[in-house]
Amino acid sequence: MAITSGRNFWCLCSSILLVIAASAAKAETKLFESVQLTPAGEYTFGIEGPAADLDGNLFVVNFGKPGTIGRLPAGGAASQPFATLPEGSVGNAIRLDRNGTMFIADYKKHNIFAIAKGGTEPAVWFHSDEMSQPNDITIARDGTVYASDPNWKGREGHIWRIGKGADGSVQGQVMAAPRAMGTTNGIDLSPDGRTLYVGESSGGQVWSYTIRGNQLIDAKLVKAFQPDTIDGLRTDVAGRLYVARILKGTIALLKPNGAVEREIVLKGKEPTNLAFGGSDGKTVFVTQRQGGFIEFFRTDQQGREHCLQRGRC
């Protein structure tokens, strides 16, 4: 009798644990519900530029003080020091190419740094005194880097196209555009690499352009928000856009035609940027200026940048 009761009790406990585990798993995978991940105050007011590698590490600029890069390990809930930029340089964006090379936009000293996969030492990959910043960057399949370059005081901006020339040297130039741009900020490519999306913070607008060599053509207004309410943006493999609504505290999920599919409510009210990561590329990490922390939510499509690193986009 005692043995039978013990077995029944063990079975009951096991069933309860399975139910709890299943419920927890369901809660963890509920889509579009954001959760704070790291402690407040880990990063400065300049928290920005998140990017995740295929090992699940998330890299974010300005960890503890300006000019640094923090690393949040896969499955971790607290960041660690990763790298320090040269004196006077401050990062604003990070991206990784198909080879795992990390590129960092230094808006103070007009550089784009590169850190080789497995390394921690930044080296100048491109520099131009003609740049106002750069601010945000995105990388094409062939390794070409597109950089937004806003002039905040003038409320205007440009896009730079940067890549290796025939002689192997890195060359960059301002892309010709069919219209005068506002303060160019968030930037990303469509999954096929033919369309460049650019957010203009001053006007609160997101524009799309067809890329033709060093020219941007076929300018189209994708979506107009209130002025000064958008920051970074990313695309997923379905071609949708995720736009950080700074001051509103949401991520706007847009269809390629600009229709708002949903607004994802965040824990903090000042999201600066976002990145796709996780084992399947469907975890969206958001950097929060308010509080200096990282939060995340799950989505139903992997990000273009994760697909790019996998060699599939």
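**Close-up views of two pockets and a disulfide**

**View 1. Lining of the largest pocket in the predicted model.** In this predicted model, 24 residues line the largest pocket, and those that lie nearest its centre are Glu48, Asn92, Trp152, Asp231 and Arg289. Two or more residues of this lining come from each of two elements, namely strand 2 (43–52) and strand 6 (91–96), and strand 2 gives the most, with five residues. The volume of the largest pocket is about 430 Å³, and its lining, sorted by class, holds eleven polar, nine nonpolar and four charged residues.

**View 2. The second largest pocket, with a volume of about 310 Å³.** Its lining is made up of 19 residues, among which Asp53, Leu96, Gly100, Lys117 and Gly118 are the closest to the centre of the pocket. By class, the lining of the second largest pocket divides into seven nonpolar residues, six polar residues and six charged residues.

**View 3. The disulfide between Cys307 and Cys313.** The sulfur atoms of Cys307 and Cys313 lie 1.9 Å apart, which is within the 2.5 Å that defines a disulfide here, and the count by this rule comes to one disulfide. Because the torsion about the S-S bond of Cys307 and Cys313 is about 90 degrees, the disulfide is right-handed. Cys307 and Cys313 are both buried.

Methods
Residues numbered from 1 in each chain as written. Predicted model: local features only at pLDDT ≥ 70, side-chain atom pairs only at ≥ 80, totals over all residues. Heavy atoms only, no water. 1 Å grid on protein atoms, 1.4 Å probe; cavity = no way out; pocket = protein on both sides within 12 Å on 5 of 7 lines; lining within 4 Å. Points joined across faces, edges and corners; volume = space filled by probe spheres on them. Helix = DSSP H or I, 4+ residues; strand = E, 2+ residues; numbered from the N terminus. Nonpolar A, V, L, I, M, F, W, Y, C, P; charged D, E, K, R; others polar. Buried < 20%, exposed > 50% of the residue type's maximum accessible area, 1.4 Å probe, protein only.
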